[in-house]
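The exercises below are meant to be worked with the sequence and the structure open. Each task is followed by a solution in steps.

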Amino acid sequence: MLTVHHLGISQSERIVWLCEELQLEYDFKRYNRRADNNLAPDEYKALHPMGLAPVIQDGNLILGESGAICDYIDRKYGGSMHSPDPGHADFADHLFWFHFANGTVMTNGMMQLMLSRADANNPGPMAYVSDRTAKAWMMIEQRLAEAEFFGGGQLTTADIMMLFGLTTARLSGGVTLDDKPNTADYLKRIGERPAYQAAWAKCEPGMPPKLD
């Protein structure tokens, strides 16, 4: 039986959403963050050498990394229904946005977080990261003006990967959607999906998702 270990307010929400989209039977285990430092509890860190979310267990396999897990689940349990093959017209777009999620969006966010705690007398690095972030959001808004989903005409694991950076990652502030109507419309559509609603209710019960 596939087990998804979810750390509250973390990227592991992606994996729960994918499982719900695929209508899989799976075990769900939720872990609260520590009250003293808001990090993962020791029992979660013990699941994988990196000590980070997400983590899944499938028999004797313990697997981390969002992208690897999405590929694994979609290929093994979903018949690759959310991963267009090389002959599909959306193949390249799907690949780009699937990797853009953590390669650019989440990386920008982590750099901004670290630099906000660094030397305020040296604004150069923050200006560089802010420019990267603005360009990324511009590309996101443009993509969603031309396609219903990041991967093209249907929901793919590119959407599963991208959504966290557009929603939950904004809970601490920062980017607004006031000047991003296409992104706002996209998030509204995702928020109406029964699978997303079911996943969010499991991951963060009693807390509304950051969809606006």
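**Exercise 1**

With which residues is Glu21 in contact, leaving aside its neighbours within four places in sequence? Also state where Glu21 lies and whether Glu21 is buried or exposed.

Solution. The model is a predicted one.

Step 1: locate the residue. Glu21 belongs to helix H1.

Step 2: list the contacts. With neighbours within four places in sequence set aside, Glu21 is in contact with His82, Leu155, Arg193, Ala195 and Tyr196.

Step 3: look for a polar contact among side chains. The side chain of Glu21 makes one with the side chain of Arg193, at 2.8 Å.

Step 4: classify the residue. The relative accessibility of Glu21 is 14%. Buried means under 20%, and Glu21 therefore counts as buried.

**Exercise 2**

Find the salt bridge between Glu20 and Lys202 and say which parts of the chain the pair ties together.

Solution. Step 1: find the atoms. The side chains of Glu20 and Lys202 form a salt bridge, with 2.9 Å from N to O.

Step 2: place the partners. Glu20 is in helix H1 and Lys202 is in helix H8, so the pair ties together parts that lie 182 residues apart in sequence.

Step 3: compare the surroundings. Glu20 counts as buried at 18% relative accessibility, whereas Lys202 counts as partly exposed at 34%.

**Exercise 3**

Describe two salt bridges of helix H5, one formed by Lys135 and one formed by Glu146.

Solution. Step 1: take Lys135. Its partner is Asp131, and the closest N and O atoms are 3.1 Å apart. Lys135 and Asp131 are four residues apart in helix H5, so about one helical turn separates them. Lys135 is partly exposed at 47% relative accessibility, and Asp131 is partly exposed at 38%.

Step 2: take Glu146. This residue forms a salt bridge with Arg143, the closest N and O atoms being 3.2 Å apart. Both residues lie in helix H5, three residues apart, which is about one turn of the helix. Glu146 is exposed, at 60% relative accessible area, while Arg143 is buried, at 7%.

Step 3: look for shared partners elsewhere. Arg34, Asp36 and Asp42 are joined into one network by salt bridges that share partners.

Step 4: give the total. The count of salt bridges comes to eleven.

**Exercise 4**

Which residues of the largest nonpolar core touch the most other members, and which element gives the most to this core?

Solution. Step 1: name the residues. The core has 43 residues, of which Trp17, Ile73, Ile140, Phe150, Met162 and Tyr186 touch the most other members.

Step 2: list the elements. Those giving two or more residues are strand S1 (2-7), helix H1 (13-21), helix H3 (66-77), helix H4 (91-115), helix H5 (124-146), H6, helix H7 (181-191) and helix H8 (194-203).

Step 3: pick the main contributor. H6 gives the most, with six residues.

Step 4: note what lies apart. Another core, of six residues, is found apart from this one, and Tyr31, Tyr44, Ala53 and Val55 are among its members.

**Exercise 5**

Trace the surroundings of Ile73 and of Gly78.

Solution. Step 1: start from Ile73. Not counting residues up to four places away in sequence, Ile73 touches Leu2, Ile15, Leu18, Cys19, Leu22, Leu24, Ile56 and Gly78.

Step 2: turn to Gly78. Gly78 sits in the loop between H3 and H4 and is buried, with a relative accessible area of 11%. Apart from neighbours within four places in sequence, Gly78 is in contact with Leu22 and Ile73.

Step 3: check a distance. The C-alpha atoms of Gly78 and Cys19 are separated by 9.0 Å, and the two residues are 59 residues apart along the chain.

**Exercise 6**

Why is helix H6 largely enclosed by the rest of the structure, and how do H6 and H7 cross?

Solution. Step 1: count. Helix H6 covers residues 157-166, and ten of the ten are buried, so the helix is largely enclosed by the rest of the structure.

Step 2: inspect the start. A side-chain oxygen of Thr156 comes to within 3.0 Å of the backbone nitrogen of Ala158.

Step 3: describe the crossing. The axes of H6 and H7 come within 12 Å and cross at roughly 115°. This crossing is left-handed.

Step 4: name the residues that meet. Asp159, Leu163 and Leu166 of H6 meet Thr183, Tyr186, Leu187 and Ile190 of H7.

Note on methods. Residues are numbered from 1 along each chain as its sequence is written. This is a predicted model: local features need pLDDT of at least 70, side-chain atom pairs count only at pLDDT 80 or more; totals for chains, interfaces and linings use all residues. Side-chain values use heavy atoms; hydrogens and water are left out. Buried means under 20% relative accessible area, exposed over 50%, partly exposed in between (1.4 Å probe, protein chains only). A polar contact is a pair of N or O atoms within 3.5 Å; within protein, one must be able to donate a hydrogen and the other to accept it, and residues adjacent in sequence count only if both atoms are side-chain atoms. A nonpolar core is a set of buried Ala, Val, Leu, Ile, Met, Phe, Trp, Tyr and Cys residues joined through side-chain atoms within 4.5 Å. Contact means heavy atoms within 4.5 Å. A salt bridge is a side-chain nitrogen of Lys or Arg within 4 Å of a carboxyl oxygen of Asp or Glu. Axes are lines fitted to C-alpha atoms, for helices over the stretch in contact, and angles run from 0 to 180 degrees between N-to-C directions. A crossing is left-handed if the near helix is turned anticlockwise from the far one by less than a right angle, and right-handed if clockwise.
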